[in-house]
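Biologist: Before I accept the labels attached to a model, I would like to hear the reasoning behind each of them. Could we take them one at a time, with the value set against its cut-off?

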Amino acid sequence: MKKVLLVCAIGAFLYSCGGPDVCKCLNEPGDSEFMKENADACDEAISDEIGVDDWQSVNFGSDKEAADKFDEMVQNCKK
């Protein structure tokens with residue numbers, strides 16, 4: 001049990017310190033090696049960036065705040 005907790009703590013630390021680059025997540029093709037290896041981490045990073053639980057389940061047409069944050073994130077990636 002201690003090993004599981006340690007692994008979880010290390011994983012959480014590494015993710016918070018160096019999760020995937022959100023811009024790379026948005027721009028890489030879905031079938032790229034990066035996305036195959038980082039799809040779940042990318043989903044989590046994008047969700048965290050816009051402040052939702054699961055960005056793929058958000059109805060951006062009815063959630064203007066989430067839509068605005070997503071658009072801002074996309075624009076920041078173009079800079």
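Biologist: Where is Ser32 placed, and what makes Ser32 count as buried or exposed?

Modeller: In this predicted model, Ser32 is found in the loop between helix H2 (22-27) and H3. Its relative accessibility is 13%, and buried means under 20%, so Ser32 counts as buried.

Biologist: What makes the approach of Ser32 to Glu28 a polar contact?

Modeller: The side chains of Ser32 and Glu28 are joined at 3.2 Å, and the cut-off for a pair of N or O atoms is within 3.5 Å, so the distance meets the definition of a polar contact.

Biologist: Let us turn to Ser47: in which helix is it placed, and how do you know whether it is buried or exposed?

Modeller: Ser47 is in helix H3, and because its relative accessible area is 3%, set against a limit of under 20%, Ser47 is buried.

Biologist: What does the side chain of Ser47 reach, and which residues does Ser47 touch once those up to four places away in sequence are not counted?

Modeller: The side chain of Ser47 reaches the backbone nitrogen of Trp55 at 2.9 Å. With residues up to four places away in sequence left out, Ser47 touches Val52, Asp53, Asp54 and Trp55.

Biologist: That brings us to the rings; how many aromatic pairs does the structure hold, and why is the pair of Trp55 and Phe70 called stacked or tilted?

Modeller: The structure holds two aromatic pairs. In the pair of Trp55 and Phe70 the ring centres are 5.8 Å apart and the planes stand at 20 degrees; centres within 6.5 Å make a pair and planes under 30 degrees apart count as stacked, so this pair is stacked.

Biologist: What makes you say that the pair of Trp55 and Phe70 ties together parts of the chain?

Modeller: Trp55 lies in the loop between helix H3 (33-50) and helix H4 (64-78), whereas Phe70 lies in helix H4, so the pair ties together parts that are 15 residues apart in sequence. Both Trp55 and Phe70 are buried, and for Phe70 the label follows because its relative accessible area is 18%, against a limit of under 20%.

Biologist: And why is the pair of Phe60 and Phe70 called stacked or tilted?

Modeller: The centres of the Phe60 and Phe70 rings are 5.3 Å apart, with planes at 45 degrees; since planes under 30 degrees count as stacked and over 60 as edge-to-face, the angle falls in between, so the pair is tilted. This pair links distant parts of the chain, with Phe60 in the loop between H3 and H4 and Phe70 in helix H4, 10 residues apart. Through the ring pairs, Trp55, Phe60 and Phe70 are linked into a cluster.

Biologist: What makes Phe60 count as buried or partly exposed?

Modeller: Phe60 has 26% relative accessibility, and partly exposed covers the range between under 20% and over 50%, so Phe60 counts as partly exposed. Val74, placed in helix H4, is likewise at 26% relative accessibility and so counts as partly exposed.

Biologist: Finally, how do you know that the charged end of Lys24 is within the distance limit for the ring of Phe34?

Modeller: The charged end of Lys24 sits over the ring of Phe34, 4.4 Å from its centre, and the distance limit is within 6 Å, so that part of the definition is met.

Conventions
Residues are numbered from 1 along each chain as its sequence is written. This is a predicted model: local features need pLDDT of at least 70, side-chain atom pairs count only at pLDDT 80 or more; totals for chains, interfaces and linings use all residues. Side-chain values use heavy atoms; hydrogens and water are left out. Rings of Phe, Tyr and Trp (its six-membered ring) pair if their centres lie within 6.5 Å; planes under 30 degrees apart count as stacked, over 60 as edge-to-face and the rest as tilted. Helices (H or I, at least four residues) and strands (E, at least two) are DSSP runs, numbered from the N terminus. Buried means under 20% relative accessible area, exposed over 50%, partly exposed in between (1.4 Å probe, protein chains only). A charge sits over a ring if NZ of Lys or CZ of Arg is within 6 Å of the ring centre and within 35 degrees of the ring normal. A polar contact is a pair of N or O atoms within 3.5 Å; within protein, one must be able to donate a hydrogen and the other to accept it, and residues adjacent in sequence count only if both atoms are side-chain atoms. Contact means heavy atoms within 4.5 Å.
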